[in-house]
Amino acid sequence: MSTKAPFIKDLSLPVIAAPMFLIYGPKLVIECCKNGIVGTFPALNQRTSEGFEEWLIEIKSALKKHEQETGRKAAPFGVNLIVHQTNPRLEADIKLCIKHQVPLVITSLGAVSQVVDAIHSYGGLVFHDVIKKRHAQKAAEAGVDGLILVAAGAGGHAGTINPMTLVSEIKQFFKKTIILSGCISTGRDIASALQMGADLAYMGTRFINTEESKATPEYRSMIVEAGASDVVYTAAISGVHANFLGASLKAAGITEEDLKKDIKIDFGKELDTEAKAWKTIWSAGQGVALIDDVLPVSSLVSNLKSEFKKAIEEQIKVLETFPK
Ligand SMILES: Cc1cc2nc3c(=O)[nH]c(=O)nc-3n(C[C@H](O)[C@H](O)[C@H](O)COP(=O)(O)O)c2cc1C
């Protein structure tokens with residue numbers, strides 16, 4: 001029996017549109033799933049569990065309607081949960097995932113077997129994000145179905161390890177679904193992720209620049225204008241190292257000195273402070289280098305599909321030359 005997530009074979013591309021704080025609402029999730037890729041959102045993008053449930057209902061009914069109207073299956077959707085004692089909503093949000101049978105739950109911070117068991121109870125899958133081998137081993141022990149490997153240069157709370165090493169190192173002991181995250185912006189990047197040994201590509205920053213995202217026009221323009229070296233890796237904004245657009249730090253009056261500070265994060269009490277910070281200081285990965293437009297999700301997915309196909313075809317041609 002395959003140890004890989006069964007839904008992969010039904011997708012139009014091996015892609016998960018990665019959850020992003022303040023960027024996702026139901027509209028973006030629904031468009032992704034309608035176009036055959038996994039759409040996800042952080043539960044905390046809604047301020048309350050009641051609001052979170054409203055979004056779950058909205059997404060489920062839109063996807064059901066789409067399936068009835070087109071006769072085509074939508075891709076599954078996923079929810080990101082912060083598994084940490086400072087998240088006061090965790091228990092209530094897990095109950096809602098069970099109630100609404102959320103197909104995919106993406107856990108961050110803690111990989112806990114009780115959470116995995118709760119989601120497995122109705123047939124849901126749990127993917128967990130990690131930046132290093134030790135975290136991956138713990139998550140594997142907790143029984144997660146997939147590991148999201150967040151490599152260097154990713155948007156949000158990025159890691160520091162090169163993606164090639166990260167995938168190879170973790171594949172040695174983890175035989176279930178491997179998802180690669182960090183700087184995947186084009187169809188060629190998706191093909192490269194698969195070449196490295198990942199089963200799925202996890203794309204964040206690219207989806208900020210879609211018409212359906214909640215990002216402001218200024219945020220999107222800054223992404224279009226930025227190159228890889230305009231992205232700054234700092235712990236000063238949320239207490240955990242993350243990548244931010246240098247121009248947004250500058251616009252907020254944040255100096256080199258400020259960047260050396262270490263502010264402690266608290267996902268519960270300080271949620272508002274955290275939201276305020278991420279609203280003015282914009283996160284993005286080094287993949288900005290290859291983003292120069294804002295597209296509707298349908299056009300983006302269509303472009304990604306042709307780029308992916310072209311990249312694979314070029315790879316096959318390489319076989320005519322090598323090995324000699
Ligand atoms: C603005 C922004 C917000 C993010 N918020 C979250 C979040 O709430 N939860 C989470 O698990 N990851 C979050 N991430 C990380 C993404 O899910 C994903 O791992 C990352 O964006 C992939 O790298 P890329 O942006 O280079 O494609 C965020 C990333 C960005 C850019």
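These are my notes on a ligand site, two helices and a few odd backbone spots in a predicted model.

**Ground rules.** I number residues from 1 along each chain as its sequence is written, and since the model is predicted, I take local features only at pLDDT of at least 70 and side-chain atom pairs only at pLDDT 80 or more, while totals for chains, interfaces and linings use all residues. Side-chain values use heavy atoms, with hydrogens and water left out. My helices (H or I, at least four residues) and strands (E, at least two) are DSSP runs, numbered from the N terminus.

**Ligand.** I started with the ligand and listed the residues near it (a heavy atom within 4 Å). There are 22 residues around the ligand, and P19, F21, N80, C183 and T205 come nearest. I sorted the shell into 11 nonpolar, 10 polar and 1 charged. For that sorting, Ala, Val, Leu, Ile, Met, Phe, Trp, Tyr, Cys and Pro count as nonpolar, Asp, Glu, Lys and Arg as charged, and the others, Gly among them, as polar.

Next I looked up polar contacts (N or O pairs within 3.5 Å; within protein, one atom must be able to donate a hydrogen and the other to accept it, and residues adjacent in sequence count only if both atoms are side-chain atoms). A polar backbone atom of P19 sits 2.7 Å from a ligand oxygen. S108 brings a polar side-chain atom to 3.2 Å from an oxygen of the ligand, and D129 does so at 3.4 Å. The protein covers 92% of the 600 Å² of accessible area that the ligand has on its own (Shrake-Rupley, 1.4 Å probe; for residues, only the protein chains shown count as cover).

**Backbone oddities.** C183, listed above among the residues that come nearest the ligand, has a positive phi of about 65 degrees although it is not a glycine. I place C183 in the loop between β7 (177–181) and α7 (187–196). C183 counts as partly exposed because its relative accessibility is 28%; my classes are buried under 20%, exposed over 50% and partly exposed in between (1.4 Å probe, protein chains only).

L22 also has a positive phi, near 70 degrees, and is not a glycine. L22 lies in the loop between β1 (15–17) and α1 (26–34), and its 25% makes it partly exposed. I also noted a cis peptide bond from F322 to P323, omega near -5 degrees; P323 is in the segment after α13 (297–321).

**Helix α1.** I found 7 of the 9 residues of α1 buried, namely P26, L28, V29, I30, E31, C32 and C33. They pack against β1, β2 (38–42), α2 (49–70), β3 (77–83), α8 and α13, with contact meaning heavy atoms within 4.5 Å. Just after α1, G36 has a positive phi of about 90 degrees.

**S213.** S213 is in the loop between α8 (205–208) and α9 (217–225), and I call S213 buried because its relative accessibility is 8%. Its side chain reaches the backbone oxygen of I208 at 2.7 Å. Beyond its neighbours within four places in sequence, S213 touches I23, L28, F207, I208 and R220.

**Helix α6.** In α6 (residues 163–171), the buried residues are L166, V167 and I170. They share one side of α6, because their arc around the axis is only 95 degrees, taken from the directions from the helix axis to the C-beta atoms. Their cover includes α5 (133–141), β6 (146–150), β7 and α7. At the N-terminal end, N162 caps α6 with a side-chain oxygen 2.8 Å from the backbone nitrogen of M164.
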